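Me: I would like to go through this model term by term. Let us test each label against its cut-off.

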Amino acid sequence: MQPSFAPAAQTPVVDLEGRLLLAEFLLSSTDLQASARRAVDWLVAHTDIEQAVVAVADLLSGQILLVAEHGVTSNAIADFALSREDEGHPLIQALTRGEPTYFDRAKGTFHSPLHGPFHAIPLKVDEDQGSQGLLLASAHAPQLHPEAVWLSRILARQVGRLLSRATLAETRFGQERMLLYSIINAVTDPILLTDTEGKLIIANTHAEKLFAAPEDSSEGWRRAVSLNNMLFSAALSTSAMVHTELARRELLLVDPLEGSDLLFELLSSRARDERQGTYVVSILRNVTDLARAKEEIEESYRTLRVAQAEVRDERHRLELIIDSVADPIIVTDPEGDIVLMNEPAERMFTVPPNPDDVAQRRVRANGAYLTSFVSNVLTRSGESRYRGELQLIDPVSGRAAPVEGLAGQILSEQGELIWVVTILHDLTEALEKARLYEQLKEASAELERKVQEATAELAEQNELLRRQHIALEQASALKSQFLANMSHEFRTPLNAILGYTHMLLHGVSGAVSDNQRKSLSRIDSNSRHLLALINDILDITRIEAGRMPLTLTRFAIPDLVNEVMAELEPIIKRSNLEVVAKISGKLPLLRSDRSKVKQIVLNLLSNALKFTASGTVTIKVSQNVAAQTIAVGVTDTGVGIAPEDEGKVFEDFRQLDSSPARGYGGTGLGLSICRRLSHMLGGTIELNSDVGKGSTFTLSLPVKPRRR
Ligand code: ADP
């Protein structure tokens, strides 16, 4: 392969200061290995070259030894074996030719420590010695990197200067050391070799990042590194220094770059070496992520425990709620198995204590009924509820327990069926009520039928009565009419009799003897009695027919009383009774029918005189201001009336002593007419009597007629 000396497409900016610093270091160094390492590190750090190797030919053996590498795997280093005698090897050819060679690894066939395309730049000491080594630098293009070219020149001088001093053994040892470095660097965990004081002997690059600060590092970085060293020494003093065996403990360090905490597991063990004495090997395993993961797991576990506790509480609450419901509640899973039920449900679906075969069979039957009921809501797609009736049996009593069930699906947030909740409601009472209601309805219908029958019967009787009433009214009207007519017919001849008797008594037809006068007087008195009787009958028939006219005037009642007493003067005189009128205070004028009031008072006083053999008859006139009435009371000390007869005396034609041998005259119509008249005038007649002691009849009349 022909080397290309064309300049790079884009000439990189040359870091002159960096070159100067490196050159100073290399020139002052007496260690070929350290110089070469510094050189490759610098090259990788300052260019786009990722891998670089310095290989030097041993002066005595002609072996090509790797003295420094960067970015090369430890396997590649271990496998590298080349001698100057391998003249056919492309790298030896490049060395011998003394010119940079570009190897496009896609075309190459030989074994090399670099895995991509690379340049092999010979380290040409001088014209006499020729090239004593190679700088292998990875490449992205055939163009040579100017920094690589510069470095190869300065390295060549260094090789020439130091190689003459180096011995084969030293170089070999150096290669072995480098191999060891590569190996421990290949390990991703920080590895440290310290003395018993904790002073660092060897550290791999991962450990260096934690425990060594580069020269140009920041203040914070340096502080972090010194803190890490302190922590590490302290950890060692309490673990590895005491135990000779493998010690294991946790160590918290600071990431110098990020400033974040890093948690390591520190494995340290003591070892003894003839040359080095006692030293401590420590491996740090980064467990930050592990600790974080552990924390996260613990946190999730805690959350889970809390959630579990909440679920437990929730379930407990739920159980309390459903136990407080009197209706049986059953929760089943999607397979139809019961997962929860309240106490009333347990009575139906769990075997009672000390069960007999029958009870067990009943519980099984109830369970089967329930399963088939719940399956309705499990199998019917699109319906989340199902309502229906179940015929259960009380396992203990064997009583039929008809219930109405309502089963509902409980879905998860994702819409999956998780439970079916079934609530059963006892229908025994409802059915009993329905039965009673039916009975009641029947009884009510029967009653209605009987009422209808009775009503019809009543209506019939009412009709009969109505007809009888009409017939009676007609008969009564006829009777009244007849009586009125008859009375009138009687009065005309009677008046003629009275008139002629009167004329005869007054000698119109000549003088009458004493015997004749006596007979004429009897005719006169009997005729008058008959006239009074006929007048009474006429009054009653008039009142009944509603043809008794009233003439209202204002008059003084005491005058009326005096007038009545004057009219009855002859009878009073004959009677030997003391008749007293008591008129209390000033009385208002009465507005009423004067002749009717007089007729009543006359009748009451006549009766008192008639039914009193001895003693007193008192007429008392008084006013009831509050009731606006005037009362005329007639009290006698006569025969009195028995309590059972008090109502009878006001009936038509009623006389308490109706025997032919009775001692009193009269028609039995007087009181009956009085009561009728008093009612017509808006008043009343009341009776108070004691047999053998006397009676009081009291007429009460309103001062002014009341509207009826
Ligand atoms: P009569 O024309 O018979 O008096 P009344 O209707 O006036 O008819 O009286 C009916 C009956 O009431 C009388 O027959 C008498 O038996 C009884 N009676 C009426 N007033 C008195 C009285 N002051 N004392 C006792 N009995 C009386």
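Reply: Contact means heavy atoms within 4.5 Å. The model is predicted. Leaving aside neighbours within four places in sequence, isoleucine 557 is in contact with Leu587, Leu590, Val597, Val621, Ile630 and Val632.

Me: Which residues touch the most other members of the largest nonpolar core?

Reply: Ile557, Val597 and Leu605 do, in a core of 44 residues. Elements that each supply at least two residues include helix 13 (514-544), helix 14 (557-567) and strand 20 (616-624). Helix 16 gives the largest share, 7 residues.

Me: Why is this core said to lie between domain 4 and domain 5?

Reply: Domain 4 (427-548) and domain 5 (550-702) both give residues to this core, so the core lies between them. A second, separate core has 29 residues, among them Ala23, Leu26, Trp42 and Val67.

Me: What makes the approach of asparagine 607 to the ligand a polar contact?

Reply: The cut-off is 3.5 Å between N or O atoms. An N or O atom in the side chain of asparagine 607 is 2.9 Å from a ligand oxygen. That pair qualifies as a polar contact. For the side chain of lysine 610, the distance to a ligand oxygen is also 2.9 Å. Glycine 670 uses a backbone N or O atom, 3.2 Å from a ligand oxygen.

Me: How much of the ligand does the protein bury?

Reply: Taken alone, the ligand exposes 530 Å², and the protein buries 96% of that. Helix 16, helix 17 and strand 23 each give two or more residues to the shell. Helix 16 gives the most, with 4 residues.

Notes:
Residues numbered from 1 in each chain as written. Predicted model: local features only at pLDDT ≥ 70, side-chain atom pairs only at ≥ 80, totals over all residues. Heavy atoms only, no water. Core = buried A, V, L, I, M, F, W, Y, C linked by side-chain atoms within 4.5 Å. Buried < 20%, exposed > 50% of the residue type's maximum accessible area, 1.4 Å probe, protein only. Domains from an automatic or database assignment. Polar contact = N/O pair within 3.5 Å; in protein donor to acceptor, adjacent residues only side chain to side chain. Areas by Shrake-Rupley, 256 points an atom, 1.4 Å probe, with all protein chains shown as cover.
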